[in-house]
Amino acid sequence: MRLRLTKGAILAGLLASSGAALACADVGCDPNWSLFGGAQVCHNRVVIAPGNDSRVNLLALLRDSAGLGLTGAVTGGGDYPKPEYDEEGFGHTFLDWGMVTRTWVPELDPNAAAAAEVISGPCDWFRSGAPDFAAALGANRALPAAERSTLTAAREKMVARCSDSTLPEVLPGIAVSSAPGKAFLGYLAASDAFYAERYADAAKAYAALTGAPDPWVAETARYMVARAELRLALAKSIDQYGFFDGLKSVDKAAAQRGRTALADYLKAWPKGRYAESARGLERRAMWLTGDFAALGERYESLLAAVLTDGEVLVGLINEADGKYLSTSDNPNPRGGGLLLLAAADLTAMRVANPDDRYDMGGGENPLGADVLASQQASFLRAPQLYAFLQANHAFYVAKDYARVLQLIPDDAKRPSYTPLAFSRQVLRGQALAAKGDPNEAGFWLELLGGAKALWQRPTVELGLAMNWERHGRLGAVFAPGSPITDRMIRDILMTHSAGPALLRRVALDVANPQEQRDTALFTLLYKQLSRGDYAGFRANQSLVRADAPTDGLWGFAPGTTAPLGLFAKGRTAQAGFACPALLGTVATLAANPQDIHARLCLGEFWRLNNFDGFTTLDTTPSKGLLGGAANDFPGRPLARGAIYAGVIADPRSTPGDRAYALYRAVNCYGPSGYNSCGGDDVDKPVRKGWYDRLKREFPKSPWAQKLKYYW
């Protein structure tokens, strides 16, 4: 069946099909940096993959089917959307549904269409119908003028009472005598029941008006029968918090009556004033009656028909995903058309990723090869798409990487790529990497030439960077003219993989952006100081620029501003315990790493500048992630608590230093009772021993007098 579609028809269905609540999350998302796309996580890739949000995959497949890109090409990097709070760590490599829609349809709030009815409310809808009602009254020449005024005023009062139930009822005091007046009054009575959520009464009242003498009342009443029945079908399935309890709680008889009423209306008024809305409501009726086969066919037709209308298509994809693809109510989400089938197949291939700490896992029984093989006839018109699905199954489910290379020939020299063509080539690159193919790096280098659309080049750079890191070629990432220019990729490798010589080289290279030079130098100085390379720190500390920032330590991460100025202007002492400037402490430690007072002063620097618990540069990513395959920086970080334990145990420590070490060691656990200084925890009896020793051996010390608890 071919559908004649208009924007109004589709938007009407979107509004009518909205759920009663919108899902939301107030958590951030910290992507794990690899090309693995088999697990459902909090972020997506531009590569069509099982782990992606099914809406991202569906949009990419739809756009590709029309020979279009997912978004535009990069023009100086300015086309990337500004990230929201929970997208700040995405860089230009990862994305989510909101980023895709903001890029493609910048003015669109991706939730606006789905939320409109919830936001507006029934009383606003009632109010919005006033002009149509007034026009209908004016068009009926047989309606006396006095009754016209009475009915107009009555409707206005009913709208007010809809929002304020304490107002007196309106209709009992209304009297009309003409036939059209009685029809309009009957319509108001039916509408009063409808907006008061007495849907059964409303449906009966509207049904009684389908033969009314006024044509507007007759047509509107027949349309409203369907709306009332569909609302009745949902009435008991929405809880007090606005959440939908699933199709199991729907009144199926009412839903079927609503579907029949829609068919009756469209048969009687195929070009009527509500025909567009009625065609949209048919999707709601299909959903409520559980007719997913018909719903899938309708979505497939609609999606193809509105491909160039960004706002409508985004809303329609939201609806199709929520009502068809991603709902447990649908027993067979692979029963739709070609693109819905492909999107459902990908979702069914999700598997767990042990390298991803945000991994939400995959199905215990991913899509079987036999099921995919049985679909071959469905994909006769799209052989490359079918081969891509087979290759995803081979890679993520069967782990048959040789099969992936057979299914996806090398096509890395194109001048540009559509979403599917790019996804195919990246999956081939992943298979080369999994097999340890010596040509992998060359493949990524060739693919860079055509990776011109948003998110494409950084994706290829990630593949190449991971190859070079695995094969000991980290220096190539930062060499002059390196093809790897993405800031996040370079920052991750600097903060987790690079050794001292490479970090210094990056920091000194004026061809690098200042923020990258600062990140390299901050990483170098932090690791040298925390790992005991005091001579190295002294040699490099002078590179800190005079205007380097000192704030932002706990917000520091790849892609952000490094608080480099801490190593030049950070606090080093407070009243009661004298310490020199940081360079003086470091000079002493460079000459004698065991100098007790200098070690305590180093602890003061860490404490006073809030480095306690700062592990950003000490936490190594999993081996299969960017930054996890190499660690060229020697040594392990020294915990502040270990400094105090060492001083306490050292018989050479002076009474003043030992008393301060005891005081600080106890305070590592105050006031929470948890260790805030790093290193191994000690039990409360040990902390009590420190406390007692301080009070016993150094009773006149200001630290003994100040310490009240041992936590």
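Two residues are taken to be in contact when their heavy atoms lie within 4.5 Å. With that in hand, a tour of this predicted model can begin at a pair of helices. Helix α12, residues 275-288, meets helix α13, residues 292-305, through Arg-279, Glu-282, Arg-283, Met-286 and Trp-287 on the α12 side. Their partners in α13 are Phe-292, Ala-294, Leu-295, Arg-298, Tyr-299 and Leu-302. Sorted by character, the residues of this contact comprise seven nonpolar and four charged, with no polar ones. The two axes are 8 Å apart and form an angle of about 145°, and the crossing is left-handed.

Further along the chain, helix α15 (residues 338-348) carries Asp-345. This residue has a relative accessibility of 0% and therefore counts as buried. Setting aside residues up to four places away in sequence, Asp-345 touches Arg-334, Leu-367, Leu-372, Gln-375, Phe-379 and Leu-389. With Gln-375 there is also a polar contact between the side chains, at 3.1 Å.

A second helix pair is formed by α23 (residues 487-496) and α25 (residues 514-530), whose axes come within 9 Å and cross at roughly 15°. Because of that angle, α23 is roughly parallel to α25. The crossing of these two helices is right-handed. On the α23 side, the contact involves Arg-487, Arg-490, Asp-491, Met-494, Thr-495 and His-496; α25 contributes Glu-515, Gln-516, Thr-519, Ala-520, Thr-523 and Lys-527. The residues of this contact divide into two nonpolar, five polar and five charged.

Technical notes:
Residues numbered from 1 in each chain as written. Predicted model: local features only at pLDDT ≥ 70, side-chain atom pairs only at ≥ 80, totals over all residues. Heavy atoms only, no water. Axes fitted to C-alpha atoms, helices over the stretch in contact; angles between N-to-C directions. Helix = DSSP H or I, 4+ residues; strand = E, 2+ residues; numbered from the N terminus. Parallel < 35°, antiparallel > 145°, perpendicular 65-115°, else oblique. Left-handed = near helix turned anticlockwise from the far one by under 90°. Nonpolar A, V, L, I, M, F, W, Y, C, P; charged D, E, K, R; others polar. Buried < 20%, exposed > 50% of the residue type's maximum accessible area, 1.4 Å probe, protein only. Polar contact = N/O pair within 3.5 Å; in protein donor to acceptor, adjacent residues only side chain to side chain.
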